[in-house]
Amino acid sequence: MWERFRIPIMLAPTLAVIVFLFIGGLGYGLLVSLGWQPRIGQTQLSLEAYRSILFSEQHGPTFWSGLWLTLWVSIASTFLAASLAIASALLLRQTFIGKRAATFLFQLNLPVPHIVAAIGMLFLFSQSGLLSRIGAQMGLFSSPGDFPILVKDKFGMGMIFSFVWKEVPFIGVIVLAILQSLGADYEDLARSLGANAWQRFRHVIIPLVLPGVLSASILVFAFTFGSFEVPAILGVRFPRTLPVTAVRFFRDPDLNARAEGMAISIVISGIVFVLVVFYMWFSRRTIRQD
């Protein structure tokens with residue numbers, strides 16, 4: 001009897017804390033987004049906060065522009081990071097002089113916090129940063145202000161650069177581990193059957209690493225979609241990403257604005273959940289077809 005339920009009983013305390021914090025936090029956020037704030041006398045539930053952020057003239061344009069920017073940054077960062085991670089893993093799998101050092105340098109930025117990476121991007125690539133000043137001193141630009149706008153731009157390129165720099169090693173380590181565990185037997189077999197380099201990559205390597213890449217990409221997308229610190233440092237005042245807009249509502253001296261901020265947070269959670277479910281369904285379908 002004990003052996004049958006030993007593992008569930010041992011995991012129960014940890015799972016209880018996780019479920020309580022997740023479900024409890026999400027439930028509380030949903031109540032606040034519906035206007036439930038008894039400390040300021042608000043106890044009636046309504047969808048006014050959602051109507052305000054989605055359709056009002058005051059907040060609607062900010063929300064929709066922020067949604068498109070957040071989606072663009074998250075999708076572009078995830079796609080570029082996954083593509084560069086696969087390419088890097090394929091290169092690091094080869095045997096060459098200095099491979100150990102190259103692998104170490106590839107993984108070096110894994111423990112670097114995202115906020116540190118964002119500040120580094122700002123110091124390096126802003127129009128008053130290190131590269132712009134060096135370029136002006138070398139005569140490449142007449143002044144640092146002529147340096148291309150790579151951070152704090154309305155297209156979010158600085159945010160994308162920061163996320164890609166951080167997430168390529170994360171996905172790449174997973175892909176490299178998969179490739180090293182599988183060895184070269186499958187590719188050797190395909191080569192013996194007459195498959196060229198592209199055919200081996202398309203029909204052998206990609207199907208083998210795809211589950212790991214998709215799993216890591218789901219995590220990267222969810223993180224970048226809900227990230228605050230990188231967009232807050234490298235983003236512009238308009239359009240703002242949704243997490244930055246939500247925090248702006250939370251910082252409003254008017255406590256009634258917290259309903260709008262929490263409504264945006266619930267929308268972020270809902271969008272991530274829907275897209276992750278669709279992504280998982282699509283990935284499983286793709287894997288089965290391959």
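Visitor: Which helix supplies the largest share of the lining of the largest pocket?

Guide: In this predicted model, the largest share comes from helix 9, with eight residues. Helix 3 (60-93), helix 9 (197-226) and helix 12 (258-289) each supply at least two residues of that lining.

Visitor: How many residues line the largest pocket, and which of them lie nearest its centre?

Guide: The lining consists of 20 residues, and Phe-79, Ala-82, Leu-214, Ser-217 and Tyr-279 lie nearest the centre. The volume of this pocket is about 600 Å³.

Visitor: What is the make-up of the lining of the largest pocket by class?

Guide: There are 15 nonpolar residues, five polar residues and no charged residues in the lining. Asp, Glu, Lys and Arg count as charged, so the lining of the largest pocket, with no charged residues, contains none of these four.

Visitor: What helices and strands does the chain have?

Guide: The chain has 12 helices and zero strands. Its pattern along the sequence is therefore written α-α-α-α-α-α-α-α-α-α-α-α, in which each α stands for a helix. Along its principal axes, the C-alpha trace spans about 80 × 75 × 35 Å.

Visitor: Why is helix 3 called roughly antiparallel to helix 4?

Guide: Helix 3 and helix 4 (residues 99-106) pack at an angle of about 155°, and their axes are 10 Å apart. Angles over 145 degrees count as roughly antiparallel, and therefore helix 3 is roughly antiparallel to helix 4. The crossing of helix 3 past helix 4 is left-handed.

Visitor: Why is Val-32 called buried?

Guide: Val-32, in helix 1 (residues 2-33), has a relative accessible area of 5%. Buried means under 20%, so Val-32 meets the condition. The C-alpha atoms of Val-32 and Leu-255 are separated by 11 Å, and these residues are 223 apart along the chain. In the chain of 290 residues, 38% count as buried.

Visitor: Is Leu-182 buried, exposed or partly exposed, and what makes it so?

Guide: Leu-182 belongs to helix 7 and has a relative accessible area of 27%. Buried requires under 20% and exposed requires over 50%; the value for Leu-182 meets neither condition, and the residue is therefore partly exposed. Between the C-alpha atoms of Leu-182 and Leu-208, 26 residues apart along the chain, the separation is 8.5 Å.

Visitor: What makes Phe-238 count as exposed?

Guide: Phe-238 lies in the loop between helix 10 and helix 11. Its relative accessibility is 52%. Exposed means over 50%, so Phe-238 belongs to that class. The C-alpha atoms of Phe-238 and Lys-154, 84 residues apart along the chain, are separated by 7.3 Å.

Visitor: What kind of peptide bond joins Phe-238 and Pro-239?

Guide: Phe-238 and Pro-239 are joined by a cis peptide bond, with omega about 0°. Pro-239 is in the loop between helix 10 (229-234) and helix 11 (242-250).

Visitor: What is the phi of Lys-152, and where is this residue found?

Guide: Lys-152 has a positive phi of about 55°, although it is not a glycine. Its place is in the loop between helix 6 (130-137) and helix 7 (157-182).

Visitor: How do you know whether Lys-152 is buried, exposed or partly exposed?

Guide: The relative accessible area of Lys-152 is 41%. Buried means under 20% and exposed means over 50%, so Lys-152 falls in between and is called partly exposed.

Note on methods: Residues numbered from 1 in each chain as written. Predicted model: local features only at pLDDT ≥ 70, side-chain atom pairs only at ≥ 80, totals over all residues. Heavy atoms only, no water. 1 Å grid on protein atoms, 1.4 Å probe; cavity = no way out; pocket = protein on both sides within 12 Å on 5 of 7 lines; lining within 4 Å. Points joined across faces, edges and corners; volume = space filled by probe spheres on them. Helix = DSSP H or I, 4+ residues; strand = E, 2+ residues; numbered from the N terminus. Buried < 20%, exposed > 50% of the residue type's maximum accessible area, 1.4 Å probe, protein only. Axes fitted to C-alpha atoms, helices over the stretch in contact; angles between N-to-C directions. Parallel < 35°, antiparallel > 145°, perpendicular 65-115°, else oblique. Left-handed = near helix turned anticlockwise from the far one by under 90°.
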